[in-house]
Amino acid sequence: MDKIVIQGGKPLFGDVQISGAKNAALPVLAAALLTGGTNTFHNIPDLMDIKTIKKLLCSMGAQIEGDETIQINVDKIINHTASYDLVKTMRASILVLGPLVARAGVARVSLPGGCAIGARPVNLHIKALQELGAHVELKSGYIEAKAKKLKGADIYFDLPTVTGTENIMMAAVLAEGTTVLNNAACEPEVVSLADVLKGMGAKISGAGTDTITIKGVTSLKPTEATIIPDRIEAGTFMIAAGMTHGEINVIGCNPHHLEALINKLRDTGMKISSIKGGMKVSSGKKINSVDVKTLPYPGFPTDLQAQMMAYMTISGGLSVISETVFENRFMHVSELLRMGADIVIQGGNAIVRGVPMLHGAQTMATDLRASASLVLAALVAEGTTEISRVYHIDRGYQTIEKKFSALGADIKRIK
Ligand code: EPZ
């Protein structure tokens, strides 16, 4: 297993190009199941999770060519099962459920099971699919769904689930009649999926708000689209600029997707301004401590909570970080404590007292965003930090060590 070794203390300067968003590309690739012919998608990031979903789609009959630009053709679905061994490596495989039932009338998808950050049930996906008329059974760890023809319905999500909204939107585009998704997720990745589906001929309005209306059509046609930039990768590099007292041009990101983070970072004393194609981000004289509460979009993103916590460990005061989306998303705390941070967990809150300096240590990544927070902490820690199990990082960050070393960090990957 690879590990990353970092010598802390180098300020970061220069440009970083943001890659296509993992959480936008995954549902868009799943949407290719909805139509025959060849879809073309540009700006696909080079990540483990993308390799996984390509493998899954090929096992279902997709022909896929290319990497950054992908041509995907699903003329015929030959297999309707997403097996446990694939789904357990990537829970977002659940995104094939809606398209499979919509296009083929049948799907057998392994229940994803929990992960490091929480139980992550998919009960809302299943309930909504049943409300669209699918017959769904849970059999020995698999979701078995069947429907001759899905029927439009008025659906209410108990929680604004991101992949739940995406899954059911993809199921509803070929249903008979109109579907309304209430309390839908508003994330930019939901909007980008709706744009791709509309490019295929779907009739969708309201994406980006909590009420999405879908008028079913009889069939869809292939389309061409470009994956939106990864706001979480962009946010990770912006926080790195603040922590290392550097100045970074974050290129290819959309500032509108990061308003909650930008406001928070300005409160910590950072200077952030729009430049052509992105943002110029520089640290303040000192780091003010701020409180953070994660919320569904447009609130502060839970996927940047761990990174923000790493930042607050070296702030000038006390910061309360509340994680309201997932029940166990403080796995990074124990590793940050080993680097000298001062953090106390009380229920869903982490109380972070700033310390003058973190110290390098041997650490272990647990989940994707927690490992990003360890990289950030290591960039400012005194001495050497080793991070093992970096496959967690490779799931969501394209060549993270290359991008950070191009900005002046002393970071190496050891095979
Ligand atoms: C998506 O996960 C993202 N993944 C996550 O990013 C992100 O953290 C999350 O949205 C929240 O923004 C992808 O888009 C592939 P949810 P998702 O359904 O859709 C509960 C990363 O690091 N819930 O919005 O699985 C759930 O337990 C990953 O890239 C149910 O109870 O998240 C959670 O508490 C991590 N029942 C809350 O809703 C359901 O059926 C939000 O989950 C579905 C969700």
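Start with serine 140, in the loop between strand 8 and strand 9. Helices (H or I, at least four residues) and strands (E, at least two) are DSSP runs, numbered from the N terminus. The model is predicted: local features need pLDDT of at least 70, side-chain atom pairs count only at pLDDT 80 or more, and totals for chains, interfaces and linings use all residues. Residues are numbered from 1 along each chain as its sequence is written, and side-chain values use heavy atoms, with hydrogens and water left out.

**Stop 1: the hairpin**

Stay on serine 140. Its phi is near 35°, a positive value in a residue other than glycine. Now select residues 135–139 and 142–146. These are strand 8 and strand 9, which run antiparallel and are joined by five bridges. Two strands pair if DSSP finds at least two bridges between them. Together strand 8 and strand 9 form a hairpin with two residues between them. Click lysine 139: its bridge partner in strand 9 is tyrosine 142.

**Stop 2: strand 1 and its partners**

Select residues 3–7, which make up strand 1. Add strand 24, residues 410–414: strand 1 pairs with strand 24 in the antiparallel sense over five bridges. Lysine 3 has isoleucine 414 as its bridge partner there. Then add strand 23, residues 384–388, which also pairs with strand 1 in the antiparallel sense, over five bridges. Here isoleucine 4 is matched with isoleucine 387. Strands of a sheet pair through backbone hydrogen bonds, either parallel or antiparallel.

**Stop 3: a sheet with a helix across it**

Next, select strands 2, 15, 17 and 16. In that order, the four strands form an open sheet with mixed pairing. Which strands stand at the edges? They are strand 2 (13–17) and strand 16 (271–275); each has a single partner strand, so one side of each is left without a neighbour in the sheet. Neighbouring strands of this sheet are turned by 20° against each other on average, direction ignored. Axes are lines fitted to C-alpha atoms, for helices over the stretch in contact, and angles run from 0 to 180 degrees between N-to-C directions.

Inside this sheet, pick strand 15 (residues 247–251) and strand 17 (residues 278–282). They run antiparallel and are joined by five bridges. Asparagine 249 stands opposite lysine 280 in strand 17.

Now add residues 231–243, helix 8. Helix 8 lies across strand 2, strand 15, strand 16 and strand 17 (contact means heavy atoms within 4.5 Å). It runs at about 170° to strand 15.

**Stop 4: two helices side by side**

Select helix 1 (residues 22–31) and helix 2 (residues 48–59). Their axes come within 10 Å and cross at roughly 5°. That makes helix 1 roughly parallel to helix 2 (angles under 35 degrees count as roughly parallel, over 145 as roughly antiparallel, 65 to 115 as roughly perpendicular and the rest as oblique). Show side chains at the contact: Lys22, Ala25, Leu26, Leu29 and Ala30 in helix 1 meet Asp49, Ile50, Ile53 and Leu57 in helix 2. By class, this contact has seven nonpolar, no polar and two charged residues. Ala, Val, Leu, Ile, Met, Phe, Trp, Tyr, Cys and Pro count as nonpolar, Asp, Glu, Lys and Arg as charged, and the others, Gly among them, as polar.

**Stop 5: a second four-stranded sheet**

Select strands 10, 11, 13 and 12. They form an open sheet in that order, with mixed pairing. Strand 10 (154–156) and strand 12 (203–205) are the edge strands, each pairing on one side only. The twist averages 15° from one strand to the next. Zoom in on strand 12 and strand 13 (residues 211–215), which pair in the antiparallel sense over three bridges. Serine 205 has threonine 213 as its bridge partner.

**Stop 6: a cis proline**

Go to the peptide bond from tyrosine 297 to proline 298. It is cis, with omega near 10°. Proline 298 sits in the loop between strand 18 (292–293) and helix 10 (305–312).

**Stop 7: the cavity**

How many cavities of 30 Å³ or more does a search of the whole structure find? It finds one. On a 1 Å grid over the protein atoms alone, a cavity is a set of points where a 1.4 Å probe fits but cannot get out, and a pocket is an open set with protein on both sides within 12 Å along at least five of seven lines; lining residues have an atom within 4 Å of a point. To find the largest cavity, select residues of its lining, including Ser19, Pro45, Asp230 and Tyr397.

Note on methods. Grid points are joined across faces, edges and corners, and a volume is the space filled by probe spheres set on the points.
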